[in-house]
Amino acid sequence: MDTLDFIIENGDIVFEDGVKKAALGIKDGVICDIGDIHSSARNRIDASGKTIFPGMIDVHVHFNEPGNEEWEGFKTGSAMLAAGGITTFFDMPLNGSPSTITANAVVEKAQLGKQKSLIDFGLWGGLVPGNECELEDMAKEGVIGFKAFLSPSGNDEFEACDDDTLLRGMDAIAQLHKVLALHAESGPLTTFLQHKKMRNGLTSIDDYAASRPIEAEAEAVARALYFAKQTGCSLHFVHISSSEAVNLIQNAKKQGVDVTLETCPHYLIYSHEDFRRLGSVAKCAPPLRKQRDKEKLIKHLLKNEIDLISSDHSPCPWEYKEQDNMFKVWGGISGGQFSLLSAIELAKNYQIPLESVVKWTASHPAKRFGLYPKKGAIQIGSDADLAIVAMNTPFFVSKENLFAKHPYSLYENHTFPCTIDTTMQKGNIIYQNGEISYHTKGNCLKPAVNQMFYANKSC
C-alpha cells in the first residue's frame with residue numbers, strides 16, 4: 001500500500017455499534033484502513049488513553065453573513081465549531097442580510113462560506129410568505145432543506161409563515177423531496193401573551209418564560225403534523241424543549257409521518273432556575289424549561305425518542321444582551337463549541353453507551369440529510385472527519401478558551417468531564433491542544449435526495 005498521510009493508533013474508536021480499539025489509516029482525506037495497520041505513514045498520532053468520535057454534524061447554527069459578520073461570521077464561527085469537535089455545520093437562513101430566501105442569496109452565501117469557512121457546511125433555504133416560487137431554484141442550488149418560523153422570527157426580512165403559506169410551502173417542498181425545518185411555537189399565542197405582559201409592565205425573566213409556555217410549542221407542533229399528513233411533506237422540528245412536543249412527534253411517526261426532531265444541549269443541561277440565576281445570557285426561544293420538564297426531556301433522550309442534538313448557536317454582540325426588559329434582550333444561546341462535549345457529559349452522567357452520542361451527533365444527521373456514509377461515520381471510504389477526545393481530562397469553560405466572536409456563553413464556568421484534544425477535517429488537523437489551524441477550506445455540501453428516515457428504527 002502507498003504511504004499513508006496519517007495513522008492514528010492506540011485509540012478507542014466509537015463506531016455506530018460499539019467501541020473498539022483499532023488504528024485508523026488516512027489518505028487523501030479519506031479513511032482507507034481500520035484495524036491493525038502495518039503501512040508506513042508521513043504522520044502518526046498516538047491516541048493512547050483517548051477516544052475517537054466521528055466529527056459532529058451540527059445541523060442548526062446561525063452565522064450572520066452576508067451583512068452582519070460583526071455578530072458571527074463563517075471564519076470565527078467555523079473555528080469555534082472546530083474547537084468543539086464539529087466538522088460539518090448547516091447554517092440557518094435567518095440572520096444574514098439578505099436572508100437566504102432566494103436562489104441568488106443561496107449562491108452569494110455559498111461563495112462566502114467557501115472563501116471563509118474552515119470546515120464543510122450546508123445551507124438551509126427559507127420559507128417565508130411570498131417566496132414559494134423560489135423554492136425550486138433554491139433546491140437546485142443544493143440547499144439542505146427549508147426553514148420556517150411559526151412565530152415571529154425577530155427579523156423583518158424573514159417573516160413567520162401563516163397557515164396558507166405553510167400549506168403551500170409544504171406541498172411544494174414535498175414535491176422537491178426536501179425537508180422542512182420548523183421553529184414551532186404558536187405565533188398568535190406567544191404574541192398575545194407577550195403583549196399582555198408588556199401592557200402591564202411585566203418584563204422579568206419569569207414573565208418572558210410565561211409568555212412562551214409549553215402549550216405554545218405543543219400547539220404549533222400538532223398543527224404542523226396535521227399539515228404534513230395532508231401534504232406528504234417531510235418535517236424536522238428544531239430545538240424541541242418539552243416532553244409534550246416529543247410525544248406528539250413520536251405518535252406521528254407511528255402513523256407514518258416522515259418527521260424527526262432535535263433538541264439542544266442547553267435544554268438538557270440547564271433549566272428555568274438557571275435562567276433566573278444567570279440572566280440574559282440564558283435567554284432563548286423556546287425558553288429554558290423548569291427542572292421537572294428538563295428531566296422529562298432527558299428521559300426521552302435515554303429512550304431514543306430524540307433523533308439529533310444540535311447547538312442552535314445564535315450569538316450577538318454583548319450589548320444586545322444588556323437590557324432590563326427581558327422581551328427586548330436578544331434571544332439566542334452562544335454555545336456551538338460545546339455540543340459534542342455536552343452529549344458526552346450526558347452519556348457519562350446517565351451511563352449511556354458512547355455509540356448513542358455518535359447517533360445523536362453524527363450518523364443520524366448524516367442519514368437524515370443525505371450525507372451518509374461520506375459524513376457521520378468512521379468507515380473505510382468515509383471522510384476523515386474526527387474528534388479525538390480526552391475522556392478523563394476535565395474542561396473548564398472560561399472567556400480565555402471561548403472561540404466564538406464574542407467571548408461570553410451560557411456555558412462559562414461549567415466544567416465538562418472531558419476535553420476535545422484534536423479535530424480533523426478530511427485528514428487535516430484543524431484544532432489541537434487549544435489552537436486553531438486556519439489553513440483549511442470547507443466545501444459547500446449538496447445532499448442526496450431526502451430519504452424517509454425513522455430514527456427509532458435505527459437506534
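Here is a friendly conversation about a predicted model.

Reader: How far apart are the end C-alpha atoms of helix α8, and what span should its residues give?

Author: Start with the length: helix α8 covers residues 243-254, which is twelve residues. At 1.5 Å a residue, the expected span is 16 Å. The model agrees with that expectation, since the end C-alpha atoms of α8 are 17 Å apart.

Reader: What comes after α8, and what is its phi?

Author: Before leaving the helix, note its buried residues, among them Ala245, Val246 and Ile249. α8 is then followed by Gly256. The phi of Gly256 is positive, near 95 degrees.

Reader: Which residue of α8 does Phe237 touch?

Author: Phe237 is one of the residues with the most contacts inside the largest nonpolar core, which has 102 residues. Leaving out residues up to four places away in sequence, Phe237 touches Leu182, Val221, Leu225 and Leu261, among others. Also in that list is a residue that belongs to the buried set of α8. That residue is Ile249.

Reader: How many residues does the second, separate core have?

Author: The largest nonpolar core also counts Phe53, Met170 and Leu180 among its residues with the most contacts. Apart from it there is a second core, which includes Ile8, Ile13, Ala22 and Ala384. The number of residues in this second core is 16.

Reader: Are helices α1 and α2 parallel or oblique to each other?

Author: Helix α1 (residues 74-82) and helix α2 (residues 103-116) have axes 9 Å apart and pack at an angle of about 60 degrees. Angles under 35 degrees would count as roughly parallel, and 65 to 115 as roughly perpendicular. The angle of α1 and α2 fits neither range, so α1 is oblique to α2.

Reader: Is their crossing left-handed or right-handed, and which residues of α2 make the contact?

Author: The crossing of α1 and α2 is right-handed. On the α1 side, the contact is made by Phe74, Lys75 and Ser78. On the α2 side, the residues are Lys109, Leu112, Gly113 and Lys116.

Reader: Which proline follows a cis peptide bond in the loop between β6 and α1?

Author: Most peptide bonds are trans. In this model, the bond from Glu65 is cis, with omega near 0 degrees. The loop in question lies between β6 (56-61) and α1, and the proline there is Pro66.

Reader: Where is Pro373 found?

Author: Here too the peptide bond is cis: from Tyr372 to Pro373, omega is near 0 degrees. As for its place, Pro373 is found in the loop between α13 (354-368) and β15 (386-390).

Reader: Is Gln351 buried or exposed?

Author: Most residues other than glycine have a negative phi. Gln351 has a positive phi of about 55 degrees although it is not a glycine, and it is found in the loop between α12 (339-349) and α13. Exposed means over 50% relative accessible area. At 74% relative accessibility, Gln351 counts as exposed.

Reader: What is the relative accessible area of Asn304?

Author: Asn304 also has a positive phi, about 60 degrees, without being a glycine. Its place is in the loop between α11 (291-302) and β14 (308-309). Asn304 is partly exposed, and its relative accessible area is 27%.

Reader: Is Glu217 buried or exposed?

Author: Glu217 sits in helix α7 (residues 214-231). Its contacts beyond four places in sequence include His239, Ser241 and Arg289, and also Ala245. The relative accessibility of Glu217 is 1%, so Glu217 counts as buried.

Notes:
Residues numbered from 1 in each chain as written. Predicted model: local features only at pLDDT ≥ 70, side-chain atom pairs only at ≥ 80, totals over all residues. Heavy atoms only, no water. Helix = DSSP H or I, 4+ residues; strand = E, 2+ residues; numbered from the N terminus. Expected span 1.5 Å × (residues − 1). Buried < 20%, exposed > 50% of the residue type's maximum accessible area, 1.4 Å probe, protein only. Core = buried A, V, L, I, M, F, W, Y, C linked by side-chain atoms within 4.5 Å. Contact = heavy atoms within 4.5 Å. Axes fitted to C-alpha atoms, helices over the stretch in contact; angles between N-to-C directions. Parallel < 35°, antiparallel > 145°, perpendicular 65-115°, else oblique. Left-handed = near helix turned anticlockwise from the far one by under 90°.
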